[in-house]
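This report is meant to be read with the coordinates open in a viewer. It moves from the whole chain to a few strands and single residues.

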Amino acid sequence: MSAGITNSPPRPRATLSLDLDNLWCYQRSFGLETWRDYPSFLEIAVPRILDFLDRLDLKVTFFVIGHDASDPANLGLLSEIVVRGHEVGNHSFDHELALHLQSREEIEDEIRRAADAIETVTGQRPRGFRGPAFGLSQDLLEVLAGLGYDYDASTCPNSLGLLARLWHRSKASKIGSDEKVVGGLYGSLKDTGQSLRPYLWSLKDGALMEVPVTTLPILRLPFHGTYLNYLADFSPALARGYFTTALRLCTLRAVPPSFLLHASDFLGRDDSVPLTYLPGMKRSAEEKNQFMAETLQAYSRMFEVTPIGTFADELKQQQTLPSFLPALGA
């Protein structure tokens, strides 16, 4: 080795994923009957996101909804995800927020149909799952293990679940809906004690890896993309500082961060998409995309960022994970 040249220490691992919740998903969750027409913003969001990730040289896990994968209009859009080198995961077929409360037979049918549709369109069989709005149950975990899934990524141990449900109910009321909010939506208080580090669920059909959506260590406050965009509507500097603090805490606590994005994080008030009731929709698309670029550049400077599946594979080879019995809150 030449004098004066030193090798930089390897960056710790981190993951990046994106839930491809469509316009109809949001309308359904807020009780708007227009969801039944399945309006979509994928034709705007998907090309924008893929080009964005190419510019930053990032590969991520896209959690795709089966109904959108079964729509012929989305064939080119969704197949391009795998063409560009990203992983696809299963985000259920109908994005039913009460999926985790359904019978085991209904859950299995939903997950199978979604996987079949996603594989048909992309050529890649999902091996990871994330429940709508972080919904999870023992039956759902048992189904995933029985179907041979490698990992689940549904837990989000955060202390603001109750406030988020109250906010959701308030927003639904303001837009003329009396939609009931599913218990456990956005996470339960009981689940805030769950590990932020990856672990195994001990199940009848074998072990299943859990890769939690990371929240702020100790305080368990969220810092996913939509929450950051909400803060950035008030102050981008505040949002950047909050994110930097969260990443430093993850490093100090030896938590490999799993950072979550949504397609709406890349849409702005100037897009022809009626989503004014969502957090983070007060700025233009250009402003939001610039903010997300700065956020993810900071993320990839601190960590070696991969899709969740790649991370899970490496983890299996490198270490033995702790194992827990499911004890999920409602």
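The text below describes the overall fold, then some strands and their pairing, and then a handful of individual positions.

## The chain as a whole

The model is a predicted one, and its secondary structure comes to 11 helices and 10 strands. Along the principal axes, the C-alpha trace spans about 70 × 50 × 40 Å. How does the radius of gyration of the protein relate to that of a compact globule? For 330 residues a compact globule would have a value near 20 Å, and the protein has 19 Å, so the two agree.

Of the 330 residues, 56% count as buried. Among contacts with a separation of 6 or more, 77% are accounted for by residues 24 or more positions apart. The accessible surface comes to about 14,200 Å², and carbon and sulfur atoms contribute 53% of that surface. The charged side chains number 32 positive and 40 negative, with the centres of the two sets lying 8 Å apart.

## Strands β8 and β1

Strand β8 covers residues 258–262, and because five of its five residues are buried, the strand is largely enclosed by the rest of the structure. Its side chains point two ways: S258, L260 and H262 go one way, F259 and L261 go the other, and all are buried.

Strand β1, residues 13–19, pairs with β8 in the parallel sense over five bridges. Within this pairing, L18 has L261 of β8 as its bridge partner.

L16 also belongs to strand β1. Is L16 buried or exposed? With a relative accessible area of 0%, L16 is buried. When residues up to four places away in sequence are set aside, L16 touches L58, V60, T61, F259, L261, L296, Y299, V305, T306 and P307. The list therefore includes F259 and L261, two residues of β8 that point the same way from that strand and are buried. A further relation across the chain concerns I308, which is 292 residues from L16 along the sequence, while the C-alpha atoms of the two are separated by 6.8 Å.

## Strand β6 and its two partners

Strand β6 takes part in two pairings that run in opposite senses. With strand β7, residues 206–210, the pairing is antiparallel and extends over five bridges, and the two strands form a hairpin with two residues between them. With strand β10, residues 323–324, β6 pairs in the parallel sense over two bridges.

Which residues does L200 meet in these two pairings? L200 stands opposite M209 in β7, and in β10 the bridge partner of L200 is S323.

## Individual positions

The table gathers four positions with their places and relative accessibilities.

| Residue | Place | Relative accessibility |
|---|---|---|
| D57 | loop between α2 (42–56) and β2 (61–64) | 64%, exposed |
| A133 | loop between β4 (128–129) and α6 (138–146) | 17%, buried |
| T192 | loop between α7 (161–174) and β6 (199–203) | 18%, buried |
| E106 | helix α5 (104–122) | 44%, partly exposed |

D57 has a positive phi of about 55° although it is not a glycine, and A133 likewise has a positive phi of about 55° without being a glycine. Their surroundings differ in exposure, since D57 counts as exposed at 64% relative accessibility, whereas A133 counts as buried at 17%.

T192 counts as buried because its relative accessibility, 18%, falls under the 20% cut-off. Leaving aside neighbours within four places in sequence, T192 is in contact with P157, N158, S159 and R220.

E106 sits in helix α5 and counts as partly exposed, because its 44% relative accessibility lies between the cut-offs of 20% and 50%. Its C-alpha atom is separated by 23 Å from that of Q27, a residue 79 positions away along the chain.

How values were computed:
Residues are numbered from 1 along each chain as its sequence is written. This is a predicted model: local features need pLDDT of at least 70, side-chain atom pairs count only at pLDDT 80 or more; totals for chains, interfaces and linings use all residues. Side-chain values use heavy atoms; hydrogens and water are left out. Helices (H or I, at least four residues) and strands (E, at least two) are DSSP runs, numbered from the N terminus. The radius of gyration is taken over C-alpha atoms; the globule rule is 2.2 Å times the number of residues to the power 0.38. Buried means under 20% relative accessible area, exposed over 50%, partly exposed in between (1.4 Å probe, protein chains only). Contact means heavy atoms within 4.5 Å. Accessible areas come from the Shrake-Rupley method with a 1.4 Å probe; for residues, only the protein chains shown count as cover. Lys and Arg count as positive and Asp and Glu as negative; His and the chain ends are not counted. The place of a charge is taken as NZ of Lys, CZ of Arg, CG of Asp or CD of Glu. Two strands pair if DSSP finds at least two bridges between them.
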